[in-house]
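Subject: Structure for your review

Dear colleague,

I am passing on the structure we spoke about, with my notes on it underneath. Please read them with the structure open beside you.

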Amino acid sequence: MMRSGTSRPRVASSGVLAALAALAFSVSACADDGTDSNGTGQGGTATSIKEGLKIAFLPKQVNNPYFDTSDNKGGKVAVEEFKGSYSQTGPSEASPSAQVSYINTLSQQGTNVIVVSANDKDAICGALNEARQAGAKVVTYDSDTNPSCRDLFINQATADGIATSQIKLISEAIGPDGGEIAILSATANATNQNAWIEMMKTELAEPENSKLKLVDTVYGDDEDQKSFAEAQALLAKHPNLKGIISPTTVGVAAAARYLSGSTYKGKVQLTGLGTPNQMRAYVKDGTVKSFALWNPADLGYLAAYAGASLASGMITGKEGDTFKAGKLGEFTVGKDATVVLGDPFTFNASNIDQFNF
Amino acid sequence: MADPTATRVRSVFGSWDAVVLLALVLVAVVGAVTVDGAASPRFWRFVTLEAIPIALIALPLTLVVITGEIDLSVASVLGLTCVTVGQLWLWGVTSLPLVIAVAVVLGALLGAINGLFVTGFGLPSLAVTIGTLALYRGLAYVVLGDRAVANYPQSWTTGAIRPIPGTVIPWMILVVGALAVVVGLVLHATPIGRSLYAMGNNAEAARFSGISVGRTKFWLFVVTGAMSALAGVFWTLRFASARADNGTGLELAVVAAVLLGGVSIFGGRGALLGVLAAVALLGTLRNVLQLAYVPANTLTIVTGSLLIASVVGPNLAGRARERLRRRRAIGGPPVTTATPNPGEET
C-alpha cells in the first residue's frame with residue numbers, strides 16, 4: 001500500500017464537502033408554506049365545469065412567496081370552488097430543464113390542466129405539446145410561452161392598464177393642485193418600461209391630468225444603489241418636484257428608502273409598481289400612500305377557472321370565447337388566445353397586511 | 001499481491017456495481033408496482049432523455065476521477081457550448097454537422113485549458129475547475145446575455161430526440177451505449193486503463209514505472225470537455241433553446257452519479273458499469289418519486305442523502321474490515337497504517 005503524501009485526498013475530500021455543502025444549501029431552502037386558505041365552496045355559478053378535474057400549478061420554482069400566493073391563495077381556492085383536485089408542484093430552482101421534467105410527470109399523472117409560468121418560452125414547448133397530445137390543457141400565467149404551445153395565456157395586466165393606474169395613483173397622492181412629477185424607470189431600453197412611459201404621457205395629455213407636469217425621466221437600471229442615487233439627484237435637480245412614479249419594483253423600493261430617510265418624506269409623493277413585502281415599511285411610515293401591482297392570488301384564481309373551462313369543453317380558447325371565473329366575473333378571450341386579468345391592484349395601508357409576497 | 005485481504009477487498013468493491021444495479025432494479029420494480037405510470041414506455045422515454053446528457057459527461061469524468069482528479073467545469077462547458085450553437089445559428093450556419101464539429105472542438109479547447117493548468121502548472125484540479133466553472137459560465141453570459149436563441153429547424157430538434165423505430169426510447173441512447181462500450185474497453189481491458197488506476201493510487205510510482213501521467217491526464221480533460229460539448233449540443237436541440245444558464249448545477253448531478261457509482265473521490269478505484277447504473281438509478285428514482293407526488297424539497301433531500309451514503313458507506317465498510325484485520329493480526333507485527341481511507345488497493 002504505497003501512497004505518496006496525503007495532499008491529493010485532502011483536496012479531493014474538500015471537493016466532496018463542497019458538493020455536500022451545496023446540496024445542504026439547496027435543502028435548507030425548503031420552507032413549509034402553511035396552505036391554510038379554506039375554500040368557500042359556494043360555487044354554483046359555473047355549473048357546467050366538470051367535477052373532479054385534476055388541476056396542477058407549475059410555477060417557475062417552488063418556495064417562492066409570489067407563486068405561493070398565486071397558487072395556494074388563488075388557484076387552490078378556485079379549484080375547491082369547482083370541486084376539482086388541486087396540486088402545486090415544480091422544481092426548487094427556476095430552470096427550464098427542471099420544469100420540463102415536471103411537465104412530463106404531470107402528463108403521465110393524467111393531469112387535466114397544467115397551469116404553468118414558463119422559465120423559458122421555447123425550452124418547455126416540446127414537453128407542453130407532448131402533454132397536450134396526451135390530453136392535457138395548458139394555461140400559462142405570469143410568464144408566457146410561444147402561443148403555439150399553450151391553449152390560453154392569462155396576462156396579469158396591459159400596458160394601458162398599468163399607465164392609467166400609475167397616473168391615477170400619483171394624481172390622488174399629490175392632490176388637486178398638481179405639480180411637477182418625474183419618472184424613475186429601469187433601463188433606458190427596457191421595452192415594457194418604455195411602452196408604459198409612452199402610455200403615461202398619453203394619459204397625462206388628458207384634460208383631467210392637466211395640472212400634472214412630467215419634467216424628467218431617469219434610469220436606475222434596476223439596480224438598487226443606482227436607483228437610490230437617481231432619486232436623490234431628481235430632488236436636487238427639481239426643487240419643486242411633487243411626485244415620483246417608479247414602475248419597477250427595484251426602483252420604487254429604492255426611491256422609498258431614500259425618501260423615508262430624507263426631509264422630503266410625506267412632502268414628495270411616490271408611487272409605482274412594487275411588492276407588498278418590499279414596500280410595507282414605507283406604506284406604514286407614510287412615505288408611500290399607495291402603489292400598484294397585480295394581485296397574484298386573482299391571477300392564479302382566474303387561471304384555474306380558465307383551465308377548467310377549457311378542460312370541460314366550455315371554451316376552446318379562440319378569440320371571443322367567454323367564460324365565468326367565480327367571484328371575478330366574466331372574461332373574454334382576446335387576441336393570441338390571451339385573457340387579461342384587469343387593471344392593476346392597488347395596495348395601501350388598509351390592505352397591505354393581507355399580502356405576503 | 002496474493003494477500004488474502006486484498007483479494008477480499010477487491011471482491012467487496014467489485015460487487016459495488018452489483019449493489020447499485022440491484023438498487024436500480026429494485027427502484028424500477030417497486031416503482032412499477034406501486035406508482036401509477038412508472039411502468040409505461042413513456043416513463044422510460046423521459047428517464048432516458050434526462051439521463052443522456054448526464055451519462056455523456058459521466059463517461060469521461062469517471063476516468064478523470066479514477067486518476068485522482070476532478071472536473072467541476074463540465075456544466076459550464078455545456079452552457080458555453082449551448083450559447084455557441086445558438087450564436088452559430090444566429091450567424092446563419094445551417095449545417096448541423098458543422099455546428100457539432102465547432103462545438104466539440106470548442107469543448108476540447110476548454111478542456112485543454114483545464115488540462116494545461118492541472119498538468120502543465122501542477123495546480124489542483126479542484127481549484128482550477130471551480131475557477132473555470134465560473135469563467136466559462138461568465139463567457140456564456142458575455143455571448144448571449146439574458147437572451148435565448150430558439151427557432152432551430154424542426155429536423156434538428158426532433159432529430160435529437162427521435163425514438164428508435166418501433167420504440168419510444170430516444171436513439172441518442174445508442175450513441176451513449178456505443179461510447180460507453182469504448183470507454184469501458186479502454187478502462188478495463190487496455191494498459192491505458194490500468195495506468196489510470198495506477199496514477200490514481202500513486203502518481204509518483206506510476207511516473208517511475210514509465211507512465212506519462214501528465215500527458216494522460218491532459219488528454220482526459222480534453223475528452224471531458226469535448227463530451228460535455230456534445231452533451232451541450234444535445235441539450236440545445238432537445239430544449240430548442242440556447243441560453244447562458246443552460247445546465248446550471250448539472251456538475252453536481254454528474255459528480256453524484258460518479259461517486260454513487262463507486263468511483264473513489266481519492267482516485268484509483270471504480271468501474272464504469274457502476275457509474276452507468278448510478279446515472280440510471282438517480283434518474284429513475286427521481287422520476288418515480290416525482291410521479292408519486294413527492295415534492296421537490298424532499299427530492300433534494302433524497303438525492304443528497306444518497307450521495308452522502310455513497311461516500312460514507314464504503315468508507316465505514318472499509319473501517320470495519322480494517323478493524324477485523326487488526327484483530328486477526330494480534331500476535332503478528334503491529335499494524336502501522338491507520339489510514340483514514342482504507343480499502344484502497346495498489
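A crossing of two helices is called right-handed if the near helix is turned clockwise from the far one by less than a right angle, and left-handed if it is turned anticlockwise. In that sense H12 of chain B passes H13 of chain B in a right-handed crossing. Please keep in mind throughout that this is a predicted model.

Helices H12 and H13 of chain B

Helix H12(B), residues 250-260, packs on H13(B) at an angle of about 125 degrees, with the two axes 7 Å apart. Since angles from 65 to 115 degrees count as roughly perpendicular and those over 145 as roughly antiparallel, that angle makes H12(B) oblique to H13(B). From H12(B), the residues B:Ala253, B:Ala256, B:Ala257, B:Val258 and B:Leu260 meet B:Val275, B:Ala278, B:Val279, B:Leu281 and B:Leu282 of H13(B). By class, this contact has ten nonpolar residues, with no polar and no charged ones.

Helix H4 of chain B and its two contacts

Helix H4(B), residues 74-90, appears in two of the packings I looked at. With helix H11(B), residues 213-239, its axis comes within 7 Å, and the two cross at roughly 50 degrees, which makes H4(B) oblique to H11(B). The crossing is right-handed. On the side of H4(B) the contact is made by B:Val74, B:Val77, B:Leu78, B:Thr81, B:Cys82 and B:Val85, while H11(B) contributes residues including B:Gly225, B:Ala229, B:Gly232 and B:Trp235. The residues of this contact divide into nine nonpolar, six polar and no charged.

With helix H6(B), residues 125-144, H4(B) packs at an angle of about 20 degrees, the axes being 8 Å apart, and the two helices are therefore roughly parallel to each other. This crossing is left-handed. Among the residues that meet here are B:Ala75, B:Leu80, B:Val83 and B:Leu90 in H4(B), and B:Leu133, B:Tyr136, B:Arg137 and B:Val143 in H6(B). The contact of H4(B) with H6(B) has eleven nonpolar, four polar and one charged residues. B:Val77 of H4(B) is listed in the contact with H11(B) and also in the contact with H6(B).

Cavities

How many cavities of 30 Å³ or more does a search of the whole structure find? There are two, and the largest has a volume of about 60 Å³. Its lining draws on both chains, with A:Ser95, A:Pro96, A:Ser97 and A:Ala123 from chain A, and B:Trp235, B:Phe239, B:Ser241, B:Asp245, B:Asn246 and B:Gly247 from chain B. The elements that give two or more residues to this lining are helix H3 (96-108) of chain A together with H11 of chain B. By class, the lining residues of the largest cavity divide into four nonpolar, five polar and one charged. B:Trp235, one of the lining residues, also belongs to the contact of H11(B) with H4(B).

Two backbone angles to check

Most residues other than glycine have a negative phi. B:Ala240, however, has a positive phi of about 50 degrees although it is not a glycine, and its place is in the loop between H11 and strand S2 (242-243) of chain B. B:Tyr293 likewise has a positive phi, near 65 degrees, and lies in the loop between helix H13 (272-291) and helix H14 (296-328) of chain B.

With best wishes

How values were computed. Residues are numbered from 1 along each chain as its sequence is written. Chains are lettered from A and ligands numbered from 1 in the order in which they are written. This is a predicted model: local features need pLDDT of at least 70, side-chain atom pairs count only at pLDDT 80 or more; totals for chains, interfaces and linings use all residues. Side-chain values use heavy atoms; hydrogens and water are left out. Axes are lines fitted to C-alpha atoms, for helices over the stretch in contact, and angles run from 0 to 180 degrees between N-to-C directions. Helices (H or I, at least four residues) and strands (E, at least two) are DSSP runs, numbered from the N terminus. Angles under 35 degrees count as roughly parallel, over 145 as roughly antiparallel, 65 to 115 as roughly perpendicular and the rest as oblique. Contact means heavy atoms within 4.5 Å. Ala, Val, Leu, Ile, Met, Phe, Trp, Tyr, Cys and Pro count as nonpolar, Asp, Glu, Lys and Arg as charged, and the others, Gly among them, as polar. On a 1 Å grid over the protein atoms alone, a cavity is a set of points where a 1.4 Å probe fits but cannot get out, and a pocket is an open set with protein on both sides within 12 Å along at least five of seven lines; lining residues have an atom within 4 Å of a point. Grid points are joined across faces, edges and corners, and a volume is the space filled by probe spheres set on the points.
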